[in-house]
Structure formats: C-alpha cells, structure tokens
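Look at the structure below and find the ligand. The paragraphs that follow describe what lies around the ligand.

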Amino acid sequence: MDFSWTSEQLELYDRALDFARANLSDDPKRTEGKFPRTLWQRCGEFGFLGLPVPERHGGLGLDTLTTARVMEALGRGCVDTGLVFSAGAHLFACVMPILEAGDDRQKTQYLPRLCSGEWVGANAISEPEAGSDVFALKTRAVRDGDSYVLDGGKSYVTNGPDADVFLVYAVTHPTSGYLGLSAFLIEKKTPGLSVGRPFEKMGLSTSPIAPIYLEGCRVPASAMLGAEGQGAPLFKRSMQWERACLFAAYVGVMERVLEQTVDFARQRKQFKRAIGKNQAISHRLADMKLRLESSRLLLYRACWLMDRGQEASMEVSLAKLAISEAAVQCGLDTLQIHGGMGYVTETGIERVLRDAIPSTIFSGTSEIQRDIIASNLGL
Ligand SMILES: Cc1cc2nc3c(=O)[nH]c(=O)nc-3n(C[C@H](O)[C@H](O)[C@H](O)COP(=O)(O)OP(=O)(O)OC[C@H]3O[C@@H](n4cnc5c(N)ncnc54)[C@H](O)[C@@H]3O)c2cc1C
C-alpha cells in the first residue's frame, strides 16, 4: 500500500490551492444570488472545469484520484462553496457523461466550451414526483421521424438559470424500467425548453437552482447522448463521479475549517486561558480531525478502485456518506467553538453549516447511500 503522492500531484495540488485562494475567493456574500461568471471563467482558465477530460478536448487529462485531490484543493482554497458545487455538478454530471458517452460531434461541439468556462452545463433528472426514485420519471421523449419530442418538468436543476446546455433524462420506453430511460443534450435556446424562477435556499447561495419545463420540445435524434435506453447506466456512472470527486471538495472545506477553528481555539481566551486548553473543546477538534481523515481515506480508496476500472459502488457510497455527514458535523462543531461569533453571518462561520447541509441530500440522500451499502452487504 502506497500512501505517497507523486511530485507532479503535489505540485498540482499546491498550484490549485494557491490559484483558488488568490483568484476565486471573492466574498460569496457580494455575489449572493448571482451566478459568478467571471469566477467561472477563472475556474475554466485553471482547468477546474475539465480535470479528468483529456487535453485534446480541453481538459487536464487527470486520473480519478488526482481529480479528487485537485477538487480538494479547490474546496479548501475557495471559500465560495456555491461556486465549487456548481463547478462539480457541471463537470461530473454533465461534462463527464458527454466525454464517456458522446459521439465525436458531441465531444467536439461541447467539451472545449464546457471545459474552458465559456459555457455552463447542467444535469436535469429529478422531478417533483421522482427524487430518490429516479425510475418514477414522468418526462417522456417520443420519437417522431428524425426527432424526439420531450414533454415534462424537472424540479431542481443546479446551474439551471445560467446553463447553456442541459443533460436531460427522459423515458423513451415506459415499460422497460431500467432500460427505458434515455439522455438528451438540449441547448438553452431550444424552443419548448424554459427555465422557471430560481429557488431561494438556505446555503450554496452562489449556485443557482431552478426547475425547467419541456413543452413539445423537439430535438434532433442526434441530440441523444449514448444509445436509446442507456440513460440509467449513464446517470448511475455520473453519480459515481459526483459522489466521489465533487465530495472531495467538502474534504477540502473541512480541512480549511479545521485549521481556522484550531487557530481560533488557540487564540480565544476565557477564564484567563485559551479555550482550546479545555478538553471539551480539544476533544471536539480531535473528533473533527478523525472524521476528516477517515472520510478522506474512504474517498481515496473509492477513487483508486475507479481508476482501476473495478466495481466501486459501495466504496463510493461509503465515501459520500462519510464526507457529507462529517461536513455537517464540522459545520456544527465550528459554530459551537466560535460561540456567538459563529452565529453572526458576517464571520462566514454559520455559512459552513448552511453549505454542508444539502450535501446529505444531493447526489443521492444519506438514506439512499445506506441502501446501496446494505444491498452490497447482501440485504
Ligand atoms: C442543492 C441541491 C442541488 C441539486 N441539484 C440537482 C441537479 O442538478 N439535478 C437534479 O436532477 N437534481 C438535483 N437535486 C435534487 C436531488 O437529487 C434530490 O433532492 C434528491 O435526489 C432527493 O430527492 P427528493 O428531494 O425528491 O427527496 P425524496 O426522494 O422525496 O426523499 C425525501 C426523504 O425520504 C427519504 N427516502 C426516500 N426514499 C427512501 C427509501 N427508499 N428509504 C429510506 N428513505 C427514503 C430520503 O432519503 C429523504 O430523506 C439537487 C438537490 C439539492 C438539495
């Protein structure tokens, strides 16, 4: 077992961290509610929007483990977790499916623009009555000559209000279950596609989310991504990318927050000594470190398996579950240790918690991750 990084990986991590700190850390409150296009383009300039995409398509050509490590640097260096989340959703649930299932035309048409930051991508599967149960989708795509006509609605589309292209999942064979779903790439100006009013939400404030509607939305058959009936495996694979590599960013967030909280516990004095000298505080920090490191190791192992093309669904779910629940606890811990300062919004401490809470919901809830783990245990 080798726990060391290569010199290239170390150098890339440092560069990514420095870049994120210097160029992406505008105070998210200043851009609250608005998609930060300038910062998005900077993400593209560094390569964050195409980490595992081969260089010929505009990416950095990294393996899964290195992609996760660079996402960690992004989450640690960039305090705007909404921006980081938008970048992760774009890359792992829209760009990667195009890379893995797209034909040459689709790759040439979309990948360079999506990797450079010129375009924003979105993934649209969830519906009002199909959240955890994605096989309950009602959106239909009906073949009509050389086109498909889509009708339906999608509920929570990250990047929706600003996306240039949507990866939309729809039912093409209502009686075929797992093999009844297909995926389509639909550009924002396509007649019949409209974006609803963005939702207000408790965290990830710079990552916009909105419903989208498809009403007689006609697309050429060439807009299908992958073969007809291959939507479900495509989506499953994109969730594997997202649950591993997007959540790597939360590992980076936890590392930043732990460093900041340790500093605070060393400096803040009550009863004439640093609060960190109290075991109630120092043990809470030790537990934060334990959750950070154990979830990080689960993540690296999942990515290592993915790089070897081995079955990794349980390991990916273990990592996603551990990271997201650790991130929520990290938000609670840092807030408690900062006392009143943690609760006022201007310090940015309470935002850590607000940005962590949805991580146990998106990319499959904690309950669904436990279901996947249990089914791998033979239950
Ligand atoms: C910030 C954010 C961004 C998102 N971005 C996107 C996006 O870009 N594209 C997209 O398509 N979707 C997106 N989603 C939607 C997300 O994927 C769904 O919210 C998620 O899959 C859960 O679905 P639901 O909200 O309908 O909850 P439900 O599925 O209705 O679940 C409600 C509760 O019941 C539990 N539950 C459901 N089934 C079971 C079961 N079998 N056993 C035990 N418990 C169960 C759930 O765990 C949850 O606690 C996003 C959500 C959030 C919060």
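By residue type, the shell around the ligand divides into 8 nonpolar, 6 polar and 2 charged residues. Altogether 16 residues surround the ligand in this predicted model. The closest are Ser126, Ser132, Thr158, Thr365 and Glu367.

Where along the chain do the residues of the shell come from? Strand 1 (121-124), strand 3 (147-158) and helix 11 (366-376) each contribute at least two of them. Strand 3 gives the largest share, 3 residues. In terms of domains, at least three residues of the shell come from domain 2 (122-229), and at least three come from domain 3 (232-376).

Some of the contacts can be followed atom by atom. Ser126 has a polar side-chain atom 2.7 Å from a nitrogen atom of the ligand. Ser132 also places a polar side-chain atom beside the ligand, 2.6 Å from an oxygen atom. With Ile125 it is the backbone that takes part: one of its N or O atoms lies 2.9 Å from an oxygen atom of the ligand. How much of the ligand does the protein bury? Taken alone, the ligand exposes 970 Å², and 63% of that is buried by the protein.

The last point concerns the space itself. The ligand takes up the largest pocket.

Methods. Residues numbered from 1 in each chain as written. Predicted model: local features only at pLDDT ≥ 70, side-chain atom pairs only at ≥ 80, totals over all residues. Heavy atoms only, no water. Near = heavy atom within 4 Å. Polar contact = N/O pair within 3.5 Å; in protein donor to acceptor, adjacent residues only side chain to side chain. Areas by Shrake-Rupley, 256 points an atom, 1.4 Å probe, with all protein chains shown as cover. 1 Å grid on protein atoms, 1.4 Å probe; cavity = no way out; pocket = protein on both sides within 12 Å on 5 of 7 lines; lining within 4 Å. Sits in = over half its atoms within 2 Å of the grid points. Helix = DSSP H or I, 4+ residues; strand = E, 2+ residues; numbered from the N terminus. Nonpolar A, V, L, I, M, F, W, Y, C, P; charged D, E, K, R; others polar. Domains from an automatic or database assignment.
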